[in-house]
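These are my notebook entries on a structure that I am reading for the first time. I wanted to look up its open spaces, its cores and a few single residues.

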Amino acid sequence: MKKAAIIIPTYNEAGNIKKLVETIFSISKSVSKWEIHVVIVDSDSPDKTADEVTELLKIHQNLHLIHSKKEGLGKAYVHGFTEVMNSLNPYVFFEMDADLSHNPKDIPLFLEKIEKGADFVIGSRYIKGGSIPSNWGLHRKIFSVCGNLIVRLGFMRLNVTDWTNGFRAIKSWVVKESLDHIKNYSGYVFQIAFLDFAYNKKAIIREIPINFIDRTEGESKIDSVQYISQMLLYVFTHSSFIKFVITGLLGFVVDFGFAFLFINLFHIIKTTANMLSAEIAIVFNFFINNFWSFKEKKIVGGVFGYLKKFVMFNLVSSGSILIQVGGLALLLNLFGDKLISLGVITLSSWIIYKVLIIAFVIIPYSYVLYNKVIWKK
Ligand code: GDD
Ligand code: MN
């Protein structure tokens, strides 16, 4: 029988833990294919959660208690994962909250997905059938929805709908490989760091809908301001999409800078100067993208590999020039070139057309082709 270890971090959950543990073990009787263990990682809760657990240890053979310092949710999980890896060595780990927000009846559904081949199963509140509590205050609803949107859009990974919820089942190999990365994130942001790392490792990610139930005992320990700022910082420093956009903007500066230099300093004719500067910007973008934006998928195959990809990169870039020229011609034809007043400034409409084409056509076009053709895994 394969083992599953449900890791439950607790801080002041004395009013919840007994009910949760009993419910999990009663449900685990119905999953005959799995040997289910429950591991409580308590951070010296002042409300004596650990004493409640110690009582339960007498009744439940598959219940375990780990004491951990109060260093945040991420640290508690990493501590639990590491110890359990060495003792129980389960096939799959669960992450679960202690406050009954996560319904134990969903556990068999997570295991079914694992049996079907998933490496990382997420309990999602944002797919059909899932939900957040209707009695949550407006600010908490906005916080949760926006937090997830920031991560989804920041990473441009729209297929994963819930990045923050802590109800998950993860195969042991994914946990093992991720430990070195996630140990750097002590707070709630570790949830995002973990999923991002698993995504990069090409773990098979699946979601099941869950109904998040508001806690009735105790209170939430989340520090929203800290969480949001750490979330933004993480996405900003780890998103290849954001790096790709920044690289594109820098390329624009390089193009203009060199064109200016060639024309004004070296007196090269304008068309030649612009061709040269554009190619310099292409070379610049190619290398910055390779060693920064898409560094997890750097080009392989030596000089020949680079040459081949460089030619392709030039083709994709020529494509974006064609799209820009064509798009601009089309929009000018359809709507004409007039002056558009935007409050304080007045702009020639072609500038607005160009910005729109770049934002809504060129960026998606290049990002998709870079990922599918140039920096594919
Ligand atoms: N050991 C330990 N140490 N446990 C902790 C700590 C800590 O420092 N901080 C929180 N916990 C435990 C809580 O006791 C609870 O079991 C679980 O972690 C979740 O904490 P809550 O305080 O209930 O957080 P929440 O309901 O606001 O957070 C949920 O939603 C977040 C955002 O969607 C969780 O699912 C989070 O994982 C999720 O990021
Ligand atoms: Mn909670």
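Entry 1, the largest pocket. I looked up its volume and found about 1,100 Å³, where a volume is the space filled by probe spheres set on grid points joined across faces, edges and corners. A pocket here is an open set of points, on a 1 Å grid over the protein atoms alone, where a 1.4 Å probe fits, with protein on both sides within 12 Å along at least five of seven lines, and lining residues have an atom within 4 Å of a point. I noted 35 lining residues, of which Gly248, Phe252, Asp255, Gln324 and Ile358 lie nearest the centre. The elements giving two or more residues to this lining are α9, α10, α11 and α12, and α9 gives the most, with 11 residues. Helices (H or I, at least four residues) and strands (E, at least two) are DSSP runs, numbered from the N terminus.

Before going on, I wrote down that this is a predicted model, in which local features need pLDDT of at least 70 and side-chain atom pairs count only at pLDDT 80 or more, while totals for chains, interfaces and linings use all residues. Residues are numbered from 1 along each chain as its sequence is written, and side-chain values use heavy atoms, with hydrogens and water left out.

Entry 2, the nonpolar core. I use this term for buried Ala, Val, Leu, Ile, Met, Phe, Trp, Tyr and Cys residues joined through side-chain atoms within 4.5 Å, and buried means under 20% relative accessible area, exposed over 50%, and partly exposed in between (1.4 Å probe, protein chains only). In the largest core, of 41 residues, Phe81 is among the residues that touch the most other members. Helix α3 gives the most to this core, with 7 residues.

Entry 3, Asp42. I found this residue in strand β2 (residues 34-42), buried yet without a salt bridge, with the nearest side chain of opposite charge, Lys221, 8.9 Å away. A salt bridge needs a side-chain nitrogen of Lys or Arg within 4 Å of a carboxyl oxygen of Asp or Glu; Lys and Arg count as positive and Asp and Glu as negative, with His and the chain ends not counted.

Entry 4, positive phi. Asn12, in the loop between β1 and α1 (17-28), has phi near 60° although it is not a glycine, and at 26% relative accessibility it counts as partly exposed. Asp44, in the loop between β2 and α2 (49-57), has a positive phi of about 45° and counts as exposed at 56%.

Notes
Chains are lettered from A and ligands numbered from 1 in the order in which they are written.
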